[in-house]
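Here are my notes on the model you sent over. They are arranged as numbered points, to be read with the structure open.

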Amino acid sequence: MAILALPGQAQKYHDALIQEAKGNVKSINSGGWLYEYGSDGALKKILQGKGEIFFDITRNPSSQYVETFTVYQDGNRAEALYKNVYEYKGGQVSSYACIALGGMFRELLGDSSVEFYYGNGLCTGSKSKSGAGIVVEYVYDNIKVDNNGNWISRDIYNLLDGEKTFQQTETREITYWN
């Protein structure tokens, strides 16, 4: 049985929040990654390059996407397992923690955590911390948004000792369910 989202009908899931997007998102294409969502708002498929990424989502009783396991294979067919755990504040993802395992999932590749900062409803920066204690802070500037208020272009700066150093301009394409 197909589930359809009728115009004006509330979505059951809001999985695109993980990618800093809101609304009736159908797909997000960014940096070689494609995220596809059903009309119910649930993440349906992740593609990286030409390969599909296996994933499993855990939700809380409010249907929020709170944990995911993903299996990633690189071009050499080496596999890694990622576990991400997400926290929300004010209806937005406020942070997540990541654990990466490799070597047929027996070897810890790394762990990290990321905190997000918001201004005017948009993510304006993040701070990541590796398991080794290395902290990297980023500021997002020159943010361009689409008609739904989701960012489609932003400049990323590394923030070190109060100095901003330009890293790159990040762009993405978002399509929506009508």
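1. Where is Gly-121 found? The model is predicted, and in it Gly-121 lies in the loop that links β9 (107-119) to β10 (122-130).

2. Is Gly-121 buried, exposed or partly exposed? Its relative accessible area is 38%. Buried would need under 20%, and exposed over 50%. Gly-121 is therefore partly exposed, falling in between.

3. What does Gly-121 touch, once neighbours within four places in sequence are left aside? The contacts are Lys-22 and Gln-92. Asn-150 is worth marking too. Gly-121 and Asn-150 are 29 residues apart in sequence. In space, their C-alpha atoms are 9.2 Å apart.

4. Now take Thr-70. This residue sits in strand β6, which covers residues 65-73. Its relative accessibility is 13%. The cut-off for buried is under 20%, so Thr-70 counts as buried.

5. Which residues does Thr-70 touch, not counting those up to four places away in sequence? One run of partners is Ile-53, Phe-54 and Phe-55. Ala-80, Leu-81 and Tyr-82 are also in contact with Thr-70.

6. Next, the sheet. Five strands form an open sheet, in the order β4-β3-β2-β1-β14. The pairing is antiparallel. Why do β4 and β14 each have a side without a neighbour in the sheet? β4 (51-52) and β14 (173-176) stand at the edges. Each has a single partner strand, so one side of each is left free of a neighbour in that sheet.

7. Look at the β4 edge in detail. Strand β3 (residues 43-48) runs antiparallel to β4. How many bridges join β3 to β4? There are two bridges. A pair to find by eye is Leu-47, which stands opposite Glu-52 in β4.

8. What does the protein chain hold overall, in helices and strands? The count is zero helices and 14 strands. Read along the sequence, the pattern is β-β-β-β-β-β-β-β-β-β-β-β-β-β.

9. Some totals for the protein chain. Of its 178 residues, 33% are buried. The accessible surface comes to about 10900 Å². Carbon and sulfur atoms account for 51% of that surface.

10. Last, contacts by sequence distance. Consider contacts between residues at least 6 apart in sequence. Of these, 25% join residues at least 24 apart.

How values were computed: Residues numbered from 1 in each chain as written. Predicted model: local features only at pLDDT ≥ 70, side-chain atom pairs only at ≥ 80, totals over all residues. Heavy atoms only, no water. Pairing = 2+ DSSP bridges. Helix = DSSP H or I, 4+ residues; strand = E, 2+ residues; numbered from the N terminus. Buried < 20%, exposed > 50% of the residue type's maximum accessible area, 1.4 Å probe, protein only. Contact = heavy atoms within 4.5 Å. Areas by Shrake-Rupley, 256 points an atom, 1.4 Å probe, with all protein chains shown as cover.
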